[in-house]
Amino acid sequence: MRAVGDWDSSKIIGLTGRGPAIIKRTDLVIPADLVAGLDIPPLAVTDGAADLEWVEVPVGRWAFQRRPSQRLPLDPRTAKRTRRYVQLAPWSLLTGLVTLVAWLAAVLVDVTPSIRLTAVVVAGADQLVWLLVRRGLPRQIPYRTRFGDLRIPEVPAEVAQQWISQNPGVTATDEPPPRPHSRRFYAGWSVGLVAAAIGLTVVLANDGREDFILFWVLVPVLFVAGVSMALKAQPQSKADPRWTWPPT
C-alpha cells in the first residue's frame, strides 16, 4: 500500500474551464482499530464536493443488510438514493421469495398459459425493480476486508489525501482488494464443484428414469460455480489507475 501524495495534477480542467472534468480515484484503507475514532473531512467521498449530506451507509452489499453502517459524507443526489436503498433493503428477502415462487410456478406447476405468463412477468418485474433500487448505491460502499480493515473504494484522490492527513494510519492504495479466502480455498472448492457437476450428470444420464428438472438445472449451476472459484484462485493482477468522467 502507498499513501496518497500531492496529486494536484490529478484534476484535468475541461474545455469550459469551469471545473474538473476528470477525477483520479483510489481506495481508502482504514485499520480496524481506527474506525471508531475517525476524523472524517467534510468532503463528499463520491465527488469531493463541499455540498454534502451525512448518511449512514451500510458496510458491505448484502441486499437485506442495514447494519453495521458507517457514517459518510455523500453528495445530495447520492445521499437520497442511498437512504432509499437503506429503507427498502429489508424487503429484499421478501422480493426474492416472490421471484422464486413465481419462477417455480412458471416452470414446474401445470397451469394455463396465461397464469404461466403472469408468473414470468411478476418474477421479471420484481427483479427489475430491485435492480433499479440497487443501482442507486454509490461505488463508495465501504466493506470489511478479511483482515478486519474497512475499505472504501474509488474515493477522489484529493479527498483521500485529506482523510490521511487527519487520520494517521489510514492509507490509500490502487492494489486490488484481497480475496476473502486463500487461493487454496478457492482451488479446493473449484475441484469439488466441477466434480459434483460431472458426477451428477453421469448419475442422471444413467439412472434409467425421468428425473426432477431441478436436478438438471443444478448441473450447469455447479459447473459455473466451479469455474468462478477457479478464476478466484488465480493471482490478482495490479489494478490500473482509475479515472471517472464526468465525476460521479
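**Entry 1. Strands β5 and β6**

I take two strands to pair if DSSP finds at least two bridges between them. Helices (H or I, at least four residues) and strands (E, at least two) are read as DSSP runs and numbered from the N terminus. The model is a predicted one, so I accept local features only at pLDDT of at least 70 and side-chain atom pairs only at pLDDT 80 or more, while totals for chains, interfaces and linings use all residues. Residues are numbered from 1 along each chain as its sequence is written, and side-chain values use heavy atoms, with hydrogens and water left out.

I looked up the pairing of β5 (residues 143–144) with β6 and found it antiparallel, over two bridges. Across this pairing, Arg144 is placed opposite Leu150 of β6. Five residues separate the strands of the β5 and β6 hairpin, and Gly148 has a positive phi near 95° there.

I then checked burial, where buried means under 20% relative accessible area, exposed over 50%, and partly exposed in between, for a 1.4 Å probe and protein chains only. In β6 (residues 150–156), seven of the seven residues are buried, so the strand is largely enclosed by the rest of the structure.

**Entry 2. Nonpolar cores**

I define a nonpolar core as a set of buried Ala, Val, Leu, Ile, Met, Phe, Trp, Tyr and Cys residues joined through side-chain atoms within 4.5 Å. The largest such core holds 27 residues, and Leu28, Ile30, Ile152, Val155 and Trp163 touch the most other members. Two or more residues each are given to this core by β2 (20–30), β3 (53–58), β4 (69–74), α1 (76–88), β6 and α4 (157–166). Helix α4 supplies the largest share, four residues.

I listed the contacts (heavy atoms within 4.5 Å) of one residue. Leaving aside residues up to four places away in sequence, Trp163 touches Leu28, Ile30, Leu38, Ile40, Pro41, Val45, Leu72 and Ile152. A second, separate core has six residues, among them Ala197, Leu200, Leu204 and Leu222.

**Entry 3. Salt bridges**

I count a salt bridge where a side-chain nitrogen of Lys or Arg lies within 4 Å of a carboxyl oxygen of Asp or Glu. The total by this rule is three.

In the pair of Arg151 and Asp27, the closest N and O atoms are 2.9 Å apart. This pair links distant parts of the chain, since Arg151 is in strand β6 and Asp27 in strand β2, 124 residues apart. I find both Arg151 and Asp27 buried.

For Glu53 and Arg83 the closest N and O atoms are 2.7 Å apart. Glu53 lies in strand β3 and Arg83 in helix α1, so this salt bridge ties together parts that are 30 residues apart in sequence. Glu53 is partly exposed at 29% relative accessible area, and Arg83 is partly exposed at 34%.

For Arg139 and Glu154 the closest N and O atoms are 2.7 Å apart. Arg139 lies in the loop between α3 (113–135) and β5, and Glu154 in strand β6, so the pair ties together parts that are 15 residues apart in sequence. Arg139 is partly exposed, with a relative accessible area of 37%, whereas Glu154, at 19%, counts as buried.

**Entry 4. Aromatic pairs**

I pair rings of Phe, Tyr and Trp (its six-membered ring) if their centres lie within 6.5 Å, and call planes under 30 degrees apart stacked, over 60 edge-to-face and the rest tilted. Two aromatic pairs result. The ring centres of Phe185 and Tyr186 are 5.4 Å apart and their planes stand at 85°, so I record the pair as edge-to-face. For Phe185 and Trp189 the centres are 6.4 Å apart and the planes at 50°, so this pair is tilted. Ring pairs thus join Phe185, Tyr186 and Trp189 into a cluster.

On accessibility, Phe185 is partly exposed at 32%, Tyr186 is buried at 4%, and Trp189 is partly exposed at 46%.

**Entry 5. Helix α5**

Phe185 and Trp189 both belong to helix α5 (residues 183–206), four residues apart, about one turn of the helix. The expected span of a helix is 1.5 Å times one less than its number of residues. With 24 residues, α5 reaches 35 Å from its first C-alpha to its last, close to the 34 Å expected.

I list as buried in α5 Tyr186, Ser190, Leu193, Ala197, Leu200 and Leu204. The buried residues of α5 pack against α6 (213–232). Just after α5, I noted a positive phi of about 75° at Gly208.
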